[in-house]
Amino acid sequence: MSTIPALGLLLLVVMVLVGGKQGALSFLSLLLNFIFLFAAIVLVSLHFSPMVVTLIFGVVILAVTIFLGNDDEVTTQTAFFASILVMLVLLALILPVEHWASVQGFGMEDSDDLEGMSLLIGIKFMQVSIVTAVFSTLGAIAEAAMAISAGLAEIVQQQPKIATKQLFYDGITVGKQIIGTTFNTLFFGFFGGFLGLFIWYVDLHYSLGQFLNNKIFDAEILMVLFSLISVILTVPMTTWVMTRRIHRVRKNKRAD
Amino acid sequence: MTKQVRRWVLPAGIILIGFLLVIGTHFDQALYKTPIVRITKVANGKPIKQVDQFKNVDHQTNQVLEGKLLNGRYQGKYVKLHNTYTTSGAYDQQYKVGQEVFVTLQKNGTVNLIQGLKRDVTLAFLVWLAVSLLFVIMRSSGMLALLSVCLNMVLFFLAITLNLMLHSSYFLLIFASLAVIFAALTLWLVLGPTRQMLVTFGATLVGTSVALLLSLIVMQLTGEKGIYYESMQYVTQVAPRPLFFAETLLGSLGAVMDESTDIVATLFQLREEQPDISGKTLFNSGRQIGRSIMGPLVNVLFLIFVADTFPMAILFLKNGNTWGYTFSMNMSLGVTQSLISGVGIVLAVPMASFLASLLMTRRKAK
């Protein structure tokens, strides 16, 4: 047996032992996200428009992560709508910034890996870099949206008559509780992977200026910043979607 | 009045000062030793069709640029530059009027080579945007989160410098200790020096270590078949295998802490509300909370680890490689990393629940 399937099996076993049915669903969501990510890569390499691929697969990955991650209807639906809205706002930010920064494709530090490869492949790497940036933040958006909407759903359950203004305030409070730990998840998730790259920079004595304008460093840091910004935006966005939902439910009730 | 000042004037002031700093990076050319040219005129040649050996079609265009040197000995002088770009732009880019580039000058002041775009303004802008949003929406909690990230960043660089001073001979030891310090510092900042912090810290350490140990056993048993350390990027003086383990350890740390914090905090609150709650009930509640967080968290890390390989994977596919080979050479390490981290995230659930229930009921017995 190869190592990756064996590790996959280990993960499946511990997930089922700890989480039961929910654990199996979590494993399924990871597997599906891998399949969708790989399918997205293949489609872009077959010259499908990267923007269309981003939108469709972005929504699919959000749906898989959210609906297989929790089974409370109010929580998942609210989180799903909110995270799609955040993804769209984020896309509107990523598009101009990626063009401005021009961090597409590869840098000098990649030249060893590129040896013997044809770079003239006719696919716009600018657009590929946008897909990459959006995809790398989707998990963080989904997770934050679920945490906020789960917290709010519980508050609504305990105080069914809560004023929407108060609920908005509560959403920000829940956000304040999760922002610290969420930032750490992102910081370590990204910086763990940068270890090799940063040793490279320090080892080869890059100056501060070289470092700050380096294509690969900037590409990575932009991804971290996009993730942080999207998580911050998820807090008011999820709260807003929840208040709209409550508002609609109450209006319907009054009409009855 | 003073409350009003604290509420609005202070954040507005900080955002404004930040914005001025961003504008400042637009005029920071004097701080650079490398000559910088602002492009003032662009003449594009005709795109030339290129077909590679895999029948990929691309177009190559030559550019003649004119620009003004903004710093150094030849400041103010106009120079001519040459550039070639392709439609795909994997390793090159099209330059436009108004952009600033770093160049290498020859002794007589003519340009030899374009080194790359000046990107510091973009970077400063996005940092400013993130910090401002954080400040406006999250206030002091946001600042605390930022402080924790900044401190960790400083520690990270110190550890790298220390490692290079020791010529990487204690590589794994340094970064394993760094992980412990990271966890202690971060949790102390979030929770303060409390019993709750100790429980969370313990759960994080035990969960992560057991996951690494189990994964190592599985990897030994399967002979690390299908893991291609040679596909690791940016390897200098540290061997790929230890580098991979250090990256995995650090990468999963934040997520495991995130989850343990959530579980332990909720259990402490639960005990506060129901002082007579039994250890078993607490343990089960912990598992209940954990099972709904673990799935999304594993996906957060998976997407961070694997989305990154998108550009290289596309290049591989367009260079006539099979799906299998493209996966092995680009994604196998990221997937392995996600799986090991996943085990850590899952194991932290019973660890946090168990430690919390144990410590809380013991205190009750007294």
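Which residues line the largest cavity? The close-ups below start there. This is a predicted model in which local features need pLDDT of at least 70 and side-chain atom pairs count only at pLDDT 80 or more, while totals for chains, interfaces and linings use all residues. Residues are numbered from 1 along each chain as its sequence is written, chains are lettered from A and ligands numbered from 1 in the order in which they are written, and side-chain values use heavy atoms, with hydrogens and water left out.

**View 1. The largest cavity is lined by residues of chain B.** Its lining is made up of Thr208(B), Ala211(B), Leu212(B), Thr248(B), Leu249(B), Ser252(B), Ile340(B), Ser341(B) and Gly344(B). Helix H4 (195–221), helix H5 (240–273) and helix H8 (323–365) of chain B are the elements that give two or more residues each to this lining. Helices here (H or I, at least four residues) and strands (E, at least two) are DSSP runs, numbered from the N terminus. The space inside comes to about 50 Å³. A cavity is a set of points on a 1 Å grid over the protein atoms alone where a 1.4 Å probe fits but cannot get out, and lining residues have an atom within 4 Å of a point. Grid points are joined across faces, edges and corners, and the volume is the space filled by probe spheres set on the points. Sorted by class, the lining has four nonpolar, five polar and no charged residues. For that sorting, Ala, Val, Leu, Ile, Met, Phe, Trp, Tyr, Cys and Pro are nonpolar, Asp, Glu, Lys and Arg are charged, and the others, Gly among them, are polar.

**View 2. The second largest cavity has lining residues from chains A and B.** The whole-structure search turns up two cavities of 30 Å³ or more, and the second largest holds about 30 Å³ of space. Chain A brings Thr181(A) and Asn184(A) to the lining, and chain B brings Thr186(B), Leu187(B), Val190(B), Met257(B) and Thr261(B). At least two lining residues come from each of H6 of chain A and H3 and H5 of chain B. H3(B) has the largest share, with three residues. The class split is three nonpolar, four polar and no charged.

**View 3. Phe187(A) and Phe182(B) form an edge-to-face pair.** Over all chains there are 38 aromatic pairs. In this one, the ring centres are 6.3 Å apart and the planes sit at 90 degrees, so it counts as edge-to-face. The rule pairs rings of Phe, Tyr and Trp (its six-membered ring) if their centres lie within 6.5 Å, with planes under 30 degrees apart called stacked, over 60 edge-to-face and the rest tilted. The pair joins two chains because Phe187(A) belongs to helix H6 (residues 164–203) of chain A and Phe182(B) to helix H3 (residues 171–191) of chain B. Both phenylalanines, Phe187(A) and Phe182(B), are buried; that means under 20% relative accessible area, with exposed over 50% and partly exposed in between (1.4 Å probe, protein chains only).

**View 4. Gln22(A) touches residues of both chains.** Gln22(A) sits in helix H1 (residues 3–45) of chain A and is buried, at 11% relative accessible area. A polar atom of its side chain lies 3.1 Å from the backbone oxygen of Gly69(A). Setting aside residues up to four places away in sequence, Gln22(A) touches Leu68(A), Gly69(A), Asn70(A), Asp71(A) and Arg291(B). Contact here means heavy atoms within 4.5 Å.

**View 5. Ala145(A) is buried in an all-helix chain.** Chain A has eight helices and zero strands, and 62% of its 256 residues are buried. Ala145(A), in helix H5 (residues 125–158), has a relative accessible area of 0%. Beyond its neighbours within four places in sequence, Ala145(A) contacts Ala79(A), Ser83(A), Thr234(A) and Thr238(A).

**View 6. His205(A) and Ser168(B) have positive phi values.** Most residues other than glycine have a negative phi. For His205(A), phi is near 55 degrees; this residue is in the loop between H6 and helix H7 (208–213) of chain A and is exposed, at 68% relative accessible area. For Ser168(B), phi is near 60 degrees. Ser168(B) is in the loop between helix H2 (120–165) and H3 of chain B, and counts as buried at 14% relative accessibility.

How values were computed:
On a 1 Å grid over the protein atoms alone, a cavity is a set of points where a 1.4 Å probe fits but cannot get out, and a pocket is an open set with protein on both sides within 12 Å along at least five of seven lines; lining residues have an atom within 4 Å of a point. A polar contact is a pair of N or O atoms within 3.5 Å; within protein, one must be able to donate a hydrogen and the other to accept it, and residues adjacent in sequence count only if both atoms are side-chain atoms.
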